[in-house]
Amino acid sequence: MSPREKRPILEPWPIEALPGEGFRKRQIAHWIYKRGAREFDEMTDLPRALRRELEEAWRVSEFDLVQAFPSADGSVKYLFTLKDGKQTEAVYLPYKDRKTVCLSSQVGCPVGCTFCATGALGFGRNLTPWEILDQLLAIAHHQGLAPTEIRNVVLMGMGEPLLNLEAVSTAVRRMIDKNALGMSPRRITLSTVGIPKGIRRLAEEDLGVKLALSLHAPDDETRRKIIPTAKAYPVEAIMDAVADYFKKTKRRVTFEYVMLKGINDAPWQAREVARLIKGRRIVAHVNLIPFNPWEGAPVEGTPREGIRRFARVLEEEGIPTTVRWSRGVDVGAACGQLALKEVGPLAFHPRR
Ligand code: SF4
């Protein structure tokens, strides 16, 4: 390892912890967060000597390698190789009116859902706050955007965010901080498989972010078949915690529901989803997700007509429902698919 690679990360948060006088600290933070600099050399209004000093002592990015996999539909999947050689993933999703990134909170995932490629990878480790935030900064840089142009974040990539809540909260605070990215918490969504204690802790953190619950089945028997941790957390207990989160934040809750043939797609299950939501007066929205097959997956997706029928039952029950047709299928949109396969880079963008 060269001495340059051994440099510690300069974490520009809180701003006061940065090197130099107050004015210089603000300049450095501005370059990293608002202008997306990945090298001290790019910070052209800093004196040359200071830039050299910073360059020798620190590095800005957490990643050894960033590989980009563009999809025909405009989304781009990113595979990040971390300093310890482990890998994690994120997705850039440009829409007409907004640019969204889907970030990971862990390497792999300890939950092990049967339908999920990340679950099949097993658990690597928790990501640090800077490794979480740096995914956004690296994507912005690669897309030629200022980091502040990305206004929507979903924590729905690899991992269960509530099992790494401390790091996730710190990363989110940096996204929200006006001196850092200055994002609106309403535009940040944390997606969880449902850990009641974690949902309550998230409410206590008072970050104001939106909650998405990966429900995937309304009954314990089915849920336990597809989500191993569901054995420890009955649906009713999860829904009570979600209702408390809704009461505290008044933010509409999204329910994610991956459609699996013959497992969770019966009309009675749609009615049961509606009962769980309506019984607790949660303002909610259900996202039906067609299953995105991956090699070796032990489950099959519900055909289109079955998905439409399920959506109709929910609508009849008064629950706003959309079907989220996947993007990036041609480059492995299901989380974990890139890291699961040995892939060659279509484009790479190393930064140290
Ligand atoms: S669906 Fe989410 S919680 Fe389940 S294994 Fe995949 S990443 Fe983990």
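How many disulfides does this structure have? The count comes to 0. In general terms, a disulfide is a covalent bond between the sulfur atoms of two cysteines. Keep in mind throughout that we are looking at a predicted model.

Let's stay with the cysteines for a moment. C102 is found in strand β4, which covers residues 99-102. Is C102 buried or exposed? With a relative accessibility of 10%, C102 counts as buried, because the cut-off for buried is under 20%. C102 also has V91 for company: the two are 11 residues apart in sequence, and their C-alpha atoms are 5.1 Å apart in space. C113 counts as buried too, at 13% relative accessibility.

C113 brings us to the ligand, since C113 is one of the residues around it. The others in that shell are C109, V111, G112, C116, G119 and G159. What classes of residue make up the shell? There are 4 nonpolar and 3 polar residues, and no charged ones.

Now for the rings. The model holds 4 aromatic pairs. Take Y33 and W130: their ring centres are 6.3 Å apart and their planes stand at 80 degrees, so this pair is edge-to-face. Y33 belongs to helix α1 (residues 22-34) and W130 to helix α4 (residues 129-143), so the pair ties together parts that are 97 residues apart in sequence. Where do these two sit with respect to the surface, buried or exposed? Y33 is buried, with a relative accessible area of 0%, and W130 is buried as well, also with a relative accessible area of 0%.

The rings of Y78 and F80 make another kind of pair. Their centres are 6.2 Å apart and their planes are at 15 degrees, so this one is stacked. Both Y78 and F80 are buried. F63 joins in here, as ring pairs link F63, Y78 and F80 into a cluster.

Rings can have charged partners too. What sits over the ring of W31? That would be the charged end of R35, 4.2 Å from the ring's centre. For Y95, the charged end of R98 sits over the ring, 4.2 Å from its centre.

On to the charged pairs. How many salt bridges are there? The count comes to 16. One of them joins D64 to K83, with the closest N and O atoms 2.6 Å apart. This pair links distant parts of the chain, 19 residues apart: D64 is in strand β1 (residues 63-70), and K83 is in the loop between β2 (76-82) and β3 (87-94). D64 counts as partly exposed at 22% relative accessibility, and K83 is partly exposed with a relative accessible area of 24%.

Further along the chain, R275 forms a salt bridge with E236, where the closest N and O atoms are 3.1 Å apart. Here the link runs between two helices: R275 is in α9 (residues 267-278) and E236 is in α8 (residues 235-249), 39 residues apart. R275 counts as partly exposed at 40% relative accessibility, and so does E236 at 36%. These two also belong to a wider arrangement, a network of salt bridges that links E236, D240, E272, R275 and R280.

E300 and K261 form a salt bridge as well, at 3.6 Å from N to O. This time the link is between loops: E300 is in the one between β11 (284-290) and α10 (304-316), and K261 is in the one between β10 (253-259) and α9, 39 residues apart. K261 is partly exposed, with a relative accessible area of 44%.

Finally, a look at the backbone. Most residues other than glycine have a negative phi, and most peptide bonds are trans. What is unusual about H216, then, given that general picture? H216 has a positive phi of about 65 degrees although it is not a glycine. H216 is found in the loop between β9 (210-214) and α7 (220-226), and it is buried, with a relative accessible area of 5%. R281 also has a positive phi, of about 55 degrees, and it is not a glycine either. You'll find R281 in the loop between α9 and β11. Unlike the buried H216, R281 is exposed, with a relative accessible area of 73%.

Note on methods
Residues are numbered from 1 along each chain as its sequence is written. This is a predicted model: local features need pLDDT of at least 70, side-chain atom pairs count only at pLDDT 80 or more; totals for chains, interfaces and linings use all residues. Side-chain values use heavy atoms; hydrogens and water are left out. A residue is near a molecule or strand if one of its heavy atoms lies within 4 Å of it. Ala, Val, Leu, Ile, Met, Phe, Trp, Tyr, Cys and Pro count as nonpolar, Asp, Glu, Lys and Arg as charged, and the others, Gly among them, as polar. Rings of Phe, Tyr and Trp (its six-membered ring) pair if their centres lie within 6.5 Å; planes under 30 degrees apart count as stacked, over 60 as edge-to-face and the rest as tilted. Helices (H or I, at least four residues) and strands (E, at least two) are DSSP runs, numbered from the N terminus. Buried means under 20% relative accessible area, exposed over 50%, partly exposed in between (1.4 Å probe, protein chains only). A charge sits over a ring if NZ of Lys or CZ of Arg is within 6 Å of the ring centre and within 35 degrees of the ring normal. A salt bridge is a side-chain nitrogen of Lys or Arg within 4 Å of a carboxyl oxygen of Asp or Glu. A disulfide is a pair of cysteine sulfur atoms within 2.5 Å.
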